[in-house]
Amino acid sequence: MKTPIEEATRTYKWLGLMSGQSRVPIAQTARTLVYSRDRIQLFKYVRETPATKPVPVLMIYSLINRPTILDLLPERSVVQQFLAAGHEVYLLDWGVPDGLDRYAGLDIYLNLHVRTAVRKTCQDAGSEKVTLFGYCMGGTMAAMYAALHPRRIHSMILLGAPFSFRSEQLLYRWGGNPATLDPDKIVDACGNAPTWAFEGFTMLKLDQKAPRAVALYDNLHRPEYVRSHLAMEQWIGENIPMAGAVYSEFIKGCFQGNRLMDSTMYIAGRRVDLSAVKCPVLLVMGEADHLVPPETTSPAAEVFPQATAIRFKSGHIGLSVSSAAHRKLWPDVLAWLALQQPQIGLIVARDTPGSVRRSCLCRGPLS
Amino acid sequence: MTSTNAPTMPDFEAAWKQWRDLSVEGWSKMARQMVEGEMFTSAMGASLDWYLTMHKGLRQGAAAYLEMLDMPTRDDLARIATQIGSAEMRVIDCEERLDLLEAVKVDSLQVRVSELEARAARIFELEDEMAARLAEIRENQARLDAALAAVNQNVPTVNKGNITRRKKS
């Protein structure tokens with residue numbers, strides 16, 4: 001039984017942690033800047049040993065939060081998992097949009113930013129193709145991109161990515177109803193969708209706020225728990241605004257119109273047809289995911305010609321940061337990716353017009 | 001003598017934790033019911049509408065003021081930024097077409113180079129054959145010269161009108 005002084009000290013420490021003033025370093029894996037255009041940046045993660053896999057991985061995250069969740073802590077880092085498996089890893093960082101991005105829609109994001117990132121990744125890595133890794137809305141965008149520009153896509157890993165926006169979960173009841181959410185009103189008034197427009201995600205789990213605070217109090221004696229808690233809170237507090245045009249387009253086209261699954265979604269006049277994605281696709285779903293429940297991802301497995309699906313007992317964020325996912329899920333994902341790597345043949349990269357650079361000789365069919 | 005029936009002190013910490021956990025559970029249940037209810041959704045929608053109407057009015061007022069001063073608004077700059085993005089996309093389209101053409105050109109150039117290499121090899125073969133023939137011709141020429149020289153030794157030579165016949169031995 002603790003003494004009153006011990007309890008008081010503990011409470012004081014807990015209040016200090018709950019105030020949000022304590023910070024821990026997150027996203028610490030070393031990386032170099034490959035390309036930048038205004039706020040958009042393409043990073044390459046530094047490898048300690050040479051890559052053993054020929055096809056680089058390009059990570060595309062959602063437009064709602066910062067991509068630091070992919071490299072939250074060293075022992076809970078998706079980036080480190082790919083690096084350890086021998087891949088060259090690149091990250092497309094969207095930055096924080098401002099007023100100049102008001103009219104940037106899916107056309108600009110996919111046909112300019114993602115397409116440039118894919119080209120720069122191929123040039124830098126000396127490869128003709130890339131593996132796209134998309135998380136959440138980033139996965140949906142990665143699939144849209146692959147449907148429009150399949151040439152340089154070797155394979156795709158889509159983590160907690162929604163394709164069919166029909167579900168009984170609260171998020172879809174709120175977002176899917178034009179009477180409840182009119183994106184044009186928000187964009188009309190504010191230009192971009194402001195950060196508070198995404199506080200609804202926090203509201204979805206309002207009932208978990210108090211238990212999390214109590215759990216922190218009970219685990220103050222465990223430094224790794226406290227560090228993990230603080231890292232998560234830091235990331236949750238990093239919501240960013242979204243460019244107005246892409247916010248409106250995504251809400252109306254996907255959430256409310258559900259146009260992706262029936263191929264009636266158009267970007268810059270071109271139809272987005274997911275069945276045109278011929279490369280191997282791995283769909284990873286969290287069974288307890290309240291943001292992207294399995295029923296919003298699994299229909300895509302029927303549409304992609306070469307899809308494999310993995311269901312894992314986890315929530316949305318747990319897919320990338322839970323210790324169970326890093327022990328059990330990621331080895332399976334990386335094993336799948338290893339099977340997709342080219343085995344025989346010569347991968348020839350043309351990095352500048354007129355020049356041919358042979359990057360590696362390895363075994364496997366070229367696709 | 002110790003008493004086994006001495007009253008034990010109540011565990012205040014355990015009692016407090018039990019009360020705390022029950023309170024938190026009750027609060028969580030209430031929060032979940034509130035968030036999932038229609039009233040909460042309607043209230044959120046109404047407050048959002050009010051805020052957006054007010055905010056839009058402020059923005060429009062600021063934009064009108066800037067227009068009056070003949071100053072560009074943020075919207076004007078955003079449209080220019082989008083046009084720049086569209087121009088960049090056209091550049092990327094051209095780059096990709098060039099890449100495709102380059103790929104086709106490099107492939108056909110490689111075929112052409114292979115053909116030329118084959119022809120050059122054939123020319124070298126013919127050149128070797130010609131050199132061999134030339135050597136043969138030279139050899140034959142040398143033999144012919146030797147034969148002619150032998151014949152010249154046995155025929156009369158003309159010496160300014162005097163024909164000297166050498167006696168045949």
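**Exercise 1. Place Thr297(A) in the predicted model: which helix holds this residue, and is Thr297(A) buried or exposed?**

Step 1. Find the helix. Thr297(A) lies in helix α11 of chain A, which covers residues 294-297.

Step 2. Count neighbours. Thr297(A) has 25 C-beta neighbours inside 10 Å. The cut-off for a buried residue is 20 or more. Thr297(A) is therefore buried.

Step 3. List the contacts. Leave out residues up to four places away in sequence. Thr297(A) then touches Ala161(A), Pro162(A), Phe163(A), Leu283(A), Met285(A) and Val292(A).

Step 4. Set sequence against space. Leu260(A) and Thr297(A) are 37 residues apart in sequence. Their C-alpha atoms are 12 Å apart.

**Exercise 2. Work out how helices α6 and α10 of chain A are arranged: at what angle do their axes cross, and which residues make the contact?**

Step 1. Locate the pair. Helix α6(A) spans residues 183-190, and helix α10(A) spans residues 244-256.

Step 2. Read the geometry. The two axes come within 9 Å and cross at roughly 170°. Angles over 145 degrees count as roughly antiparallel, so α6(A) is roughly antiparallel to α10(A).

Step 3. Name the residues. From α6(A) come Pro183(A), Asp184(A) and Val187(A). From α10(A) come Gly244(A), Tyr247(A), Ser248(A), Ile251(A) and Lys252(A).

Step 4. Sort them by class. This contact has 4 nonpolar, 2 polar and 2 charged residues.

**Exercise 3. Describe chain B: what pattern do its helices and strands follow, and how many residues of α3(B) are buried?**

Step 1. Count the elements. Chain B has 3 helices and 2 strands. Along the sequence they run α-α-α-β-β.

Step 2. Look at helix α3(B), residues 74-153. It has 80 residues. From first C-alpha to last it reaches 113 Å, close to the expected 118 Å.

Step 3. Check burial. Just 2 of the 80 residues of α3(B) are buried, leaving this helix hardly covered. In the whole of chain B, with 169 residues, 1% count as buried.

**Exercise 4. Examine where chain B meets chain A: how many residues of each chain are in contact, and which helix of chain B gives the most?**

Step 1. Take the two sides. Chain B brings 29 residues, and chain A brings 31.

Step 2. Assign the chain B side to helices. α1 (12-36), α2 (38-68) and α3 each supply at least two residues. α3(B) gives the most, with 14 residues.

Step 3. Sort the chain B side by class. It holds 12 nonpolar, 6 polar and 11 charged residues.

Technical notes: Residues numbered from 1 in each chain as written. Chains lettered and ligands numbered in written order. Predicted model: local features only at pLDDT ≥ 70, side-chain atom pairs only at ≥ 80, totals over all residues. Helix = DSSP H or I, 4+ residues; strand = E, 2+ residues; numbered from the N terminus. Buried ≥ 20, exposed ≤ 12 C-beta atoms within 10 Å, placed from the backbone. Contact = placed C-beta atoms within 7 Å. Expected span 1.5 Å × (residues − 1). Axes fitted to C-alpha atoms, helices over the stretch in contact; angles between N-to-C directions. Parallel < 35°, antiparallel > 145°, perpendicular 65-115°, else oblique. Nonpolar A, V, L, I, M, F, W, Y, C, P; charged D, E, K, R; others polar.
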